[in-house]
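These are my notebook entries from a session with one model. I went through strands, surface and backbone angles in turn.

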Amino acid sequence: MEEDNLQGKCFSITDPKEVSTVIYQINKTEKEFLDRAPKFTIERLDYSEQLVGERKRKTFFVDNPSPEGNPLVFFSFGKDKVVVNTGFLDYNEVKLSKKPMPMKLSTIYNEKETVYREFQYTPNMKRPITIIDPETTEEIKPNLYFDEDANEVKGKCTLKACKKYFAFEIK
């Protein structure tokens, strides 16, 4: 493949054993859409993974990178904690902040399933909030429905009782 045909960039990280990192790109909403959309949205980066000994090497892909650079948020999930770090994809390198922000996860106890917050559904997978299962690092998929009053598709996430989740929102 010729370099001129590339429409994105990629970079790799290596996770230690029992750690799984996922990365989100922070997108600023264009001015003409601000009246009906949040100021910022997040979009999970796709990646490929290969084992290197006991470690996992992940190669992340940024489609259509911005000439001004792309702000990134890194979530490294380990046992009972998540480390949050910010970074920036600039030209051909990723710059990370010097100090990651460790955060403890705690269980919210419920006797039954919980529905978490209504939000506007965006089919391009850019949204202001995401809920992640820290055990699998997969996003919780929303239950979609049509709100006739607002005349739009919306989503709600159903959370299982007695389970840990990590919710992240850009404001």
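I fixed the polar contact criterion before looking anything up: a pair of N or O atoms within 3.5 Å, where within protein one must be able to donate a hydrogen and the other to accept it, and residues adjacent in sequence count only if both atoms are side-chain atoms. The model is predicted, and I kept to its thresholds: local features need pLDDT of at least 70, side-chain atom pairs count only at pLDDT 80 or more, and totals for chains, interfaces and linings use all residues. Residues are numbered from 1 along each chain as its sequence is written, and side-chain values use heavy atoms, with hydrogens and water left out.

Entry: S20 and K58.
I looked up the side chain of S20 and found a polar contact with the side chain of K58 at 3.0 Å. S20 belongs to strand β2, and K58 to strand β5. I take strands (E, at least two residues) as DSSP runs, numbered from the N terminus. Are these two residues buried or exposed? I use buried for under 20% relative accessible area, exposed for over 50%, and partly exposed for in between (1.4 Å probe, protein chains only). S20 counts as buried because its relative accessible area is 14%. K58 is also buried, since its relative accessibility is 0%. I also noted that K58 and T14 lie 6.1 Å apart, C-alpha to C-alpha, with their positions 44 residues apart in sequence.

Entry: strand β2.
Strand β2 covers residues 20-28, and 8 of its 9 residues are buried. Which strands pair with β2? I call two strands paired if DSSP finds at least two bridges between them. Strand β6 (residues 70-78) pairs with β2 over 6 bridges in the antiparallel sense, and Q25 sits opposite L72 in β6. Strand β3 (residues 40-44) is joined to β2 by 5 bridges, again antiparallel. There I found K28 opposite F40 in β3.

Entry: the sheet with β5.
I traced an open sheet of 3 strands in the order β1-β5-β4, with antiparallel pairing. Its edge strands are β1 (8-15) and β4 (46-52), each pairing on one side only. Neighbouring strands of this sheet are turned by 20° against each other on average, direction ignored. For that angle, axes are lines fitted to C-alpha atoms, for helices over the stretch in contact, and angles run from 0 to 180 degrees between N-to-C directions. Between β4 and strand β5 (residues 55-63) I found 7 bridges in the antiparallel sense. Y47 stands opposite F60 of β5.

Entry: the β7-β8 hairpin.
Strands β7 (residues 81-90) and β8 (residues 93-96) run antiparallel and are joined by 4 bridges. F88 faces K95 of β8 as its opposite residue. The two strands form a hairpin with 2 residues between them, and Y91 in the turn has a positive phi of about 55°.

Entry: other positive phi values.
Most residues other than glycine have a negative phi. I therefore logged E18, a residue other than glycine with a positive phi near 65°. E18 is in the loop between β1 and β2, and counts as exposed because its relative accessibility is 64%. N64 also has a positive phi, near 45°. N64 sits in the loop between β5 and β6, and is exposed, with a relative accessible area of 55%.

Entry: the sheet with β11.
A sheet of 3 strands runs β12-β11-β15; the sheet is open and the pairing antiparallel. The edge strands here are β12 (138-139) and β15 (166-169), and each pairs on one side only. I found 2 bridges from strand β11 (residues 129-133) to β12, and I132 has E139 in β12 as its bridge partner.

Entry: surface patch.
Which residues form a nonpolar patch on the surface? I found L144, F146 and V153, with about 260 Å² of accessible area together. Patches are made of residues with over 30% relative accessible area and no salt bridge; like charges are joined within 9 Å, and nonpolar side chains (Val, Leu, Ile, Met, Phe, Trp, Tyr) within 5 Å. A salt bridge is a side-chain nitrogen of Lys or Arg within 4 Å of a carboxyl oxygen of Asp or Glu. The areas come from the Shrake-Rupley method with a 1.4 Å probe, and for residues only the protein chains shown count as cover. F146 lies in strand β13 (residues 143-147), and is partly exposed at 46% relative accessibility.
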